[in-house]
Amino acid sequence: MEALQRPGILTAAPENETRTRAATLVSPVNSHNEWDPLEEIIVGRLDGATIPSGHPVVTCNIPPWAARVQGRVAGFRYPRLLIERAQHELDQFIALLQSLGVTVRRPDAVDHRRRFGTPDWSSRGFCNTCPRDSMLVIGDEIIETPMAWPCRYFETHSYRTVLKDYFRRGARWTAAPKPQLTDELFEADFRVPEAGEPMRYILTEFEPVFDAADFVRAGRDLFVTRSNVTNRMGIDWLRRHLGPGYRIHEIESRCRTPMHIDTTFVPLAPGKALVNPEYIDVDRLPEVLSSWDILIAPEPDPIDERLLKITSMCGKWLSMNVLVIDERQVIAERPHTGMLRALEAWGFEPIPCDLLHYAPFGGSFHCATLDIRRRGTLESYGPD
């Protein structure tokens with residue numbers, strides 16, 4: 001039966017017409033690995049950044065003295081001096097990306113001091129400096145991750161303007177189940193294990209949680225570290241969601257406070273991966289990497305600036321937190337000359353840039369970005 005059409009009345013398009021229109025959309029999101037030529041990227045924002053709460057999932061990853069300070073200053077704005085230095089470097093980094101022909105998108109500015117909550121808890125926010133943590137790009141799909149940080153519970157809302165634009169233009173947009181983040185998720189008597197003791201994690205298996213930054217991609221193979229923000233249930237959720245077309249391999253980390261793989265294991269090109277010799281036993285890497293060239297990261301250059309030593313949330317191995325532009329060009333920290341020389345010796349073209357003062361807000365080049373489109377297709381880089 002045909003629907004009546006009256007003047008001024010819009011009728012729904014037939015179902016087959018809607019499907020045809022959807023099929024003709026070319027997704028603006030397309031990224032399968034860490035090294036295909038980069039075309040579009042999201043870069044984080046410092047506006048409204050707020051010192052995160054003293055929640056155990058935050059403080060378990062920093063020294064005890066820093067955790068005590070954290071509890072006293074949580075919820076306050078970051079000092080202007082830190083913001084200004086980081087913003088200057090961030091602006092230069094964005095200009096560098098644009099000069100390389102990369103389209104840069106940004107989240108909305110947010111006041112992270114505003115309090116929010118669920119029926120079980122309340123918190124202030126943190127910042128939206130590191131899109132790499134809260135979203136994972138797999139092919140043409142963006143997955144919002146179920147983060148274990150209460151202060152980051154609604155962080156992806158600041159990216160909704162961009163996400164809705166990508167969705168309207170053909171991208172797939174998924175959100176993992178929002179976690180409850182009740183006390184059952186966290187070990188009440190957790191303490192950081194000493195060297196030689198069995199690994200312990202602050203997370204239980206109460207529900208699936210993970211940060212996207214605990215994963216890196218190499219086509220059909222993904223690599224993950226279990227950490228204090230990613231549990232086995234979270235890894236299992238992603239494995240089932242992606243299905244049999246992908247394989248997820250765990251990289252064992254010897255770090256006593258593991259959080260995020262991109263200072264531990266970093267794919268740089270097909271068959272080439274940068275590894276942290278302090279955290280990784282190369283003899284225990286997954287079998288899929290047996291044919292890869294394993295590049296041992298050089299000891300990071302010491303950073304003498306006292307302010308950074310006090311305020312950085314990240315360890316010395318942030319020198320590994322590079323951003324690959326293509327199979328040849330790699331953006332790396334200018335002060336880490338040892339890393340720049342090593343990349344050159346391995347056949348890459350390092351591009352020096354400054355972002356050291358971004359560390360108090362969560363990371364460096366890889367953390368501060370989310371590659372949305374790389375020019376390439378889904379491939380397998382290991383044995384089938």
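**Entry 1: a strand and its partner.** I looked up V224 in this predicted model and found that its bridge partner in β10 is E250. Strand β9, which covers residues 221-224, is joined to β10 by four bridges, and the two strands run parallel. As a reminder to myself, strands of a sheet pair through backbone hydrogen bonds, either parallel or antiparallel.

**Entry 2: the sheet around them.** I then followed the strands outward and noted an open sheet of three strands in the order β8-β9-β10, where the pairing is mixed. Because β8 (215-218) and β10 (247-250) each have a single partner strand, they stand at the edges, and one side of each is left without a neighbour in the sheet. From one strand to the next, I read an average twist of 25 degrees. Helix α7, residues 232-242, packs on this sheet and touches β8, β9 and β10, while its direction makes about 160 degrees with that of β10.

**Entry 3: aromatic rings.** My search of the whole structure gave 15 aromatic pairs. I examined F223 and F265, whose ring centres are 5.1 Å apart and whose planes meet at 55 degrees, so I recorded the pair as tilted. Since F223 lies in strand β9 and F265 in strand β11 (residues 265-269), the pair ties together parts that are 42 residues apart in sequence.

**Entry 4: a pocket.** Lastly I turned to the second largest pocket, which holds about 270 Å³ of space. I listed 16 lining residues, of which V110, D111, H112, F116 and F154 lie nearest the centre of the pocket. Sorting that lining by class, I noted seven nonpolar, four polar and five charged residues.

Definitions and conventions: Residues numbered from 1 in each chain as written. Predicted model: local features only at pLDDT ≥ 70, side-chain atom pairs only at ≥ 80, totals over all residues. Heavy atoms only, no water. 1 Å grid on protein atoms, 1.4 Å probe; cavity = no way out; pocket = protein on both sides within 12 Å on 5 of 7 lines; lining within 4 Å. Points joined across faces, edges and corners; volume = space filled by probe spheres on them. Nonpolar A, V, L, I, M, F, W, Y, C, P; charged D, E, K, R; others polar. Pairing = 2+ DSSP bridges. Axes fitted to C-alpha atoms, helices over the stretch in contact; angles between N-to-C directions. Contact = heavy atoms within 4.5 Å. Phe/Tyr/Trp six-rings, centres within 6.5 Å; stacked < 30°, edge-to-face > 60°.
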